[in-house]
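Welcome! Here are some short exercises to work through with the sequence and the 3D view side by side. Try each task yourself before you read its solution.

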Amino acid sequence: MPGGDSNSYVIGVDVGGTKVAAGFVNSAGEIGEVTRARMISDGDAETGLRSVTGAIDHLLDIAKERHWTVNAIGICAPGPLDPYSGVVINPPNVTCWRNYPLAAEISRIYKLPVKIENDASAAALAEVLWGAGKGFSKVFYVSIGTGIGTGFILDGHIYNGRTGAAPEGGHVSIDYKGPVCGCGKHGCIEVFVSGPAIAKRAQAMLAAANVQHSPMLDLTNGQIAAITSEHVIQAHTAGDPMAKATLVETIELLSVFLGNIIDLLEPDVIVIGGGVAAVLKPFFEDIRNRIPDWCVNSRNREIPLVSAHYGASSGIAGGAALCRQLLAN
């Protein structure tokens, strides 16, 4: 475990639609041993809870063997949720929990302080404390993966809104006549730019063109339905024109969204994280060049667009960041 001689840690837990990841984190934001488990997100509430406790149990066993102290558990979960009460309200990608008191249940089981927060908001806090947002006062964070999550940090504090339900930037509509999102609204940025959305766009292009051979299809043995966003990126690298067209449209839509965010919030920096963000990194400069077309703020190019420090581990770091006052220095 990194971080010198300290044997005092918190456990950061990242709950997603398909997996639970948990790890030890120290006061420097360094992540140690990590475990992953399958998340059963479409069953009943107790089955979903067992997915989380299984990952925590594994780490607590390790801590016991090594005589480590675990001071708290911080949990990143998909929103909407209430960070004040620790209740998960109605996340579109985790349907097992509806008004579920996740923080109270975990605290009851482990007799430890538990904090819970929207996954993107917590990840944004971790970036401000230890990552790409360090040194900035107003930080907008967007996570692009299976869904799209956002977080906004003001002077070191998460902006939660009046009830704790903000900021659900992934469900900001950019086309009121667009496809229906999992949240029920039309044209959310999530249905255009998330990983599954990129894949569906490529699949639709290939089907409409009745293409029999292409680098994208070669990667999936000719199965259009098997194409993922990763396949689109790989095919683009190989010179596939349809993969390129898919990505050009994706970055244009993302530029529309970020231009709106700049006009609304004018952050000091925009941090982009999540699994899909990693493959979009080569296009960041192109996005910066497109934003002026979708932004009235004449100084928009002064706002840096940077990759998140934590990448795939952002949820674990974010969970730990929620408990930072309980981390020993």
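## Exercise 1: Helix α1

Task: find what lies at the start of α1, then follow the helix to what comes after its end.

Solution. Step one: at the start of α1, the backbone nitrogen of glutamate 46 has a side-chain oxygen of aspartate 44 within 3.3 Å. Before going on, note that this is a predicted model, in which local features need pLDDT of at least 70 and side-chain atom pairs count only at pLDDT 80 or more, while totals for chains, interfaces and linings use all residues. Residues are numbered from 1 along each chain as its sequence is written, and side-chain values use heavy atoms, leaving out hydrogens and water.

Step two: check the length. Helix α1 covers residues 45–66, and its 22 residues should span 32 Å at 1.5 Å a residue; the end C-alpha atoms are 32 Å apart, which agrees. The expected span is 1.5 Å times one less than the number of residues. Helices (H or I, at least four residues) and strands (E, at least two) are DSSP runs, numbered from the N terminus.

Step three: look for buried residues, meaning those under 20% relative accessible area (exposed is over 50%, partly exposed in between; 1.4 Å probe, protein chains only). In α1 they include Leu49, Val52, Ile56, Leu59 and Ile62. Their cover includes strands β1, β2, β3 and β4 as well as helix α2.

Step four: after α1 comes histidine 67, with a positive phi near 60°.

## Exercise 2: Two residues to compare

Task: is aspartate 14 buried or exposed? Then examine glutamine 234 in the same way.

Solution. Step one: aspartate 14 sits in strand β1, residues 8–15. Its relative accessible area is 10%, so aspartate 14 is buried.

Step two: list its contacts (heavy atoms within 4.5 Å). Beyond neighbours within four places in sequence, aspartate 14 touches Lys19, Val20, Ala21, Cys76, Gly315 and Ile316. With the side chain of lysine 19, the side chain of aspartate 14 makes a polar contact at 3.3 Å. Such a contact is a pair of N or O atoms within 3.5 Å; within protein, one must be able to donate a hydrogen and the other to accept it, and residues adjacent in sequence count only if both atoms are side-chain atoms.

Step three: glutamine 234 belongs to helix α7, residues 229–237. With a relative accessible area of 42%, glutamine 234 is partly exposed.

## Exercise 3: Aromatic rings

Task: how many aromatic pairs does the structure hold?

Solution. Step one: rings of Phe, Tyr and Trp (its six-membered ring) pair if their centres lie within 6.5 Å; planes under 30 degrees apart are stacked, over 60 edge-to-face, and the rest tilted. The structure holds 5 such pairs.

Step two: tryptophan 97 and tyrosine 100 have ring centres 5.7 Å apart and planes at 5°, so this pair is stacked. Both tryptophan 97 and tyrosine 100 are buried.

Step three: Tyr9, Phe24 and Trp68 form one aromatic cluster.

## Exercise 4: The whole chain

Task: how many helices and strands does the protein have?

Solution. Step one: the secondary structure comes to 11 helices and 12 strands.

Step two: of the 329 residues, 52% count as buried.

Step three: the C-alpha atoms fill a box of roughly 60 × 45 × 40 Å along the principal axes.
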